[in-house]
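Subject: Handover of a structural model

Dear colleague,

Please find below the sequence and structure that I am handing over to you. My findings follow directly after it.

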Amino acid sequence: MMSTLDRMFLVSFFRSYAIVWTSLISLYVVIDLFTNIDDFGKPGGGLSSVLEHVSTYYRHKIAQIFDLMAEAITLMAAMFSVAWLQRNNELLPQLSAGIPTRRVVRPILLGAAVTLALGPLNKELVIPQIADELMKPRDDREGTKAMVLMGAYDPSGVHIEGVAGIRKDRKIHKFYATFPESPTNGMFHLAAEEAGYIPPGDEPDTGGWLLWVPPLPDGSSGPEAFKTALPPNLKRIDHERFFLRTTDTDFDAVSRGATWYMFASTAKLRELLERPEPRRQSKIAVEFHRRITRPVIGALLVLLGLAVILQNPNRHVFISTGFCLAFCAAFFALDLGCKFLGNNDYVSPPLAAWLPVLIFGPVTLAAFDAIHT
């Protein structure tokens with residue numbers, strides 16, 4: 001059961017969290033907006049249109065910004081809450097009454113646990129729903145600008161790529177498809193001048209790509225030049241049009257950037273790891289394991305920060321805060337370094353995700369256990 005002091009400290013923590021959250025998110029938005037203000041004005045449309053575009057863009061962008069700062073915001077809120085206790089001499093009377101320091105800061109730890117959970121929840125429930133909005137460039141509000149395509153493998157084995165894509169029409173210019181070998185024909189490539197994705201529906205030719213294949217000089221068209229039977233998922237409509245049915249490779253799958261998996265849920269990452277696509281598998285595996293270690297890393301950061309501040313109550317609060325930020329900067333640097341090693345196959349993905357915990361875990365627990373009581 002929480003006492004009156006516990007409730008007061010818990011409210012103080014949430015108040016600090018709200019102030020830090022608002023300050024950091026607002027600072028990021030203001031800096032990013034004024035740095036890229038020209039990009040928002042390129043589509044034109046007048047002041048009202050630009051303001052609407054800015055509002056829509058940052059309404060979705062806030063979720064991504066919070067994802068980057070979730071643990072840091074909780075850490076800073078906990079630091080400010082404890083510093084406020086020391087500044088107002090609210091900590092010393094309780095220690096004099098025989099209350100252990102760890103018991104005094106228990107409400108702050110409880111509040112930190114609640115706010116740390118917001119990061120994974122935002123990553124799993126919010127960001128995957130707005131991933132398409134987050135990947136839109138600032139200067140392409142209507143989706144009419146040609147975009148670079150990355151290509152993708154369909155579960156059927158077909159590799160799809162293109163030169164440029166138009167997001168608004170969901171079309172690809174210079175479409176290329178590579179079909180795997182089958183009992184009826186060998187591997188071959190199909191080039192189409194243009195392809196448009198048709199979402200799944202009740203009509204027969206839906207859930208795939210409508211291809212326009214220009215005739216060859218000899219009058220033949222597309223796969224006829226290979227003198228082989230068409231693959232089961234490729235259907236001829238007329239002399240210049242074909243329909244390629246795909247299982248999971250829509251326009252978004254082909255047009256997503258190299259880091260699109262960062263916006264996917266953990267369940268989607270697990271599904272991607274089970275596919276036979278060799279590209280980016282190491283990076284996806286590292287991200288999958290980092291999702292698991294993220295709550296642990298957040299908890300270690302908070303415990304380490306509080307341990308540094310509370311280890312010497314007589315130390316000036318600004319000096320303690322500086323030490324805390326230095327330790328946390330080293331923590332984040334190690335975490336990013338391990339991620340780099342895992343992405344480039346220097347270490348295994350599980351080790352890349354768990355190495356910061358293995359290194360800083362014992363240090364943090366020892367520092368927290370040594371808090372002056």
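I begin with the largest pocket. Three helices each contribute two or more residues to its lining: H3 (46-87), H10 and H11 (317-343). H10 provides the largest share of that lining, with 6 residues. In total, 19 residues line the largest pocket, and those nearest its centre are Asp-67, Leu-68, Arg-290, Arg-294 and Asp-335. The space inside the largest pocket amounts to about 590 Å³. Please bear in mind throughout that this is a predicted model.

Overall composition

The protein contains 12 helices and 8 strands. Of its 373 residues, 44% count as buried. Its accessible surface comes to about 19,200 Å², and carbon and sulfur atoms account for 63% of that surface. As to contacts between residues at least 6 apart in sequence, 63% join residues at least 24 apart.

Salt bridges

The structure holds 11 salt bridges. One of them joins the side chains of Glu-71 and Arg-294, with an N to O distance of 2.6 Å. Because Glu-71 belongs to helix H3 and Arg-294 to helix H10, this pair ties together parts that are 223 residues apart in sequence. Glu-71 and Arg-294 are both buried.

A second pair consists of Lys-171 and Glu-194, whose side chains meet in a salt bridge at 3.8 Å, N to O. Lys-171 lies in strand S4 and Glu-194 in strand S5 (residues 188-198), so distant parts of the chain, 23 residues apart, are linked by this pair. Lys-171 is partly exposed at 33% relative accessible area, and Glu-194 is partly exposed at 28%.

A third salt bridge is formed by Asp-205 and Lys-235, with the closest N and O atoms 3.0 Å apart. This pair also links distant parts of the chain: Asp-205 sits in the loop between S5 and strand S6 (208-212), and Lys-235 in strand S7 (residues 234-236), 30 residues apart. Asp-205 has a relative accessible area of 23% and is partly exposed; Lys-235, at 40%, is partly exposed too.

Beyond single pairs, Asp-67, Glu-71, Lys-123 and Arg-294 are joined into one network by salt bridges that share partners. Asp-67 and Arg-294, both in this network, are also among the residues nearest the centre of the largest pocket.

A buried glutamate in H10

Is Glu-287 buried or exposed? Glu-287 is located in helix H10 and has a relative accessible area of 6%; residues under 20% count as buried, and therefore Glu-287 is buried. Apart from neighbours within four places in sequence, Glu-287 is in contact with Lys-123, Tyr-261, Met-262 and Leu-269. One of these contacts, Lys-123, is a member of the salt-bridge network described above.

Nonpolar surface patch

Ile-292, Val-296, Leu-351, Trp-354, Leu-358 and Ile-359 form a nonpolar patch on the surface, and their accessible area together is about 490 Å². Helix H10 (281-310) and helix H12 (349-369) are the elements that give two or more residues to the patch. H12 gives the most, with 4 residues. Ile-359, for instance, lies in helix H12 and counts as partly exposed at 39% relative accessibility. H10 thus appears in two settings, since it supplies residues to the lining of the largest pocket and to the nonpolar patch.

Backbone angles

Two residues deserve a look when you examine the backbone.

- Lys-174, in strand S4 (residues 171-179), has a positive phi near 60° although it is a residue other than glycine. Its relative accessibility of 35% makes Lys-174 partly exposed.
- Asp-345, in the loop between H11 and H12, is likewise not a glycine and has a positive phi of about 65°. Asp-345 is exposed, with a relative accessible area of 54%.

With kind regards

Note on methods
Residues are numbered from 1 along each chain as its sequence is written. This is a predicted model: local features need pLDDT of at least 70, side-chain atom pairs count only at pLDDT 80 or more; totals for chains, interfaces and linings use all residues. Side-chain values use heavy atoms; hydrogens and water are left out. Patches are made of residues with over 30% relative accessible area and no salt bridge: like charges are joined within 9 Å, nonpolar side chains (Val, Leu, Ile, Met, Phe, Trp, Tyr) within 5 Å. Accessible areas come from the Shrake-Rupley method with a 1.4 Å probe; for residues, only the protein chains shown count as cover. A salt bridge is a side-chain nitrogen of Lys or Arg within 4 Å of a carboxyl oxygen of Asp or Glu. Buried means under 20% relative accessible area, exposed over 50%, partly exposed in between (1.4 Å probe, protein chains only). Contact means heavy atoms within 4.5 Å. On a 1 Å grid over the protein atoms alone, a cavity is a set of points where a 1.4 Å probe fits but cannot get out, and a pocket is an open set with protein on both sides within 12 Å along at least five of seven lines; lining residues have an atom within 4 Å of a point. Grid points are joined across faces, edges and corners, and a volume is the space filled by probe spheres set on the points.
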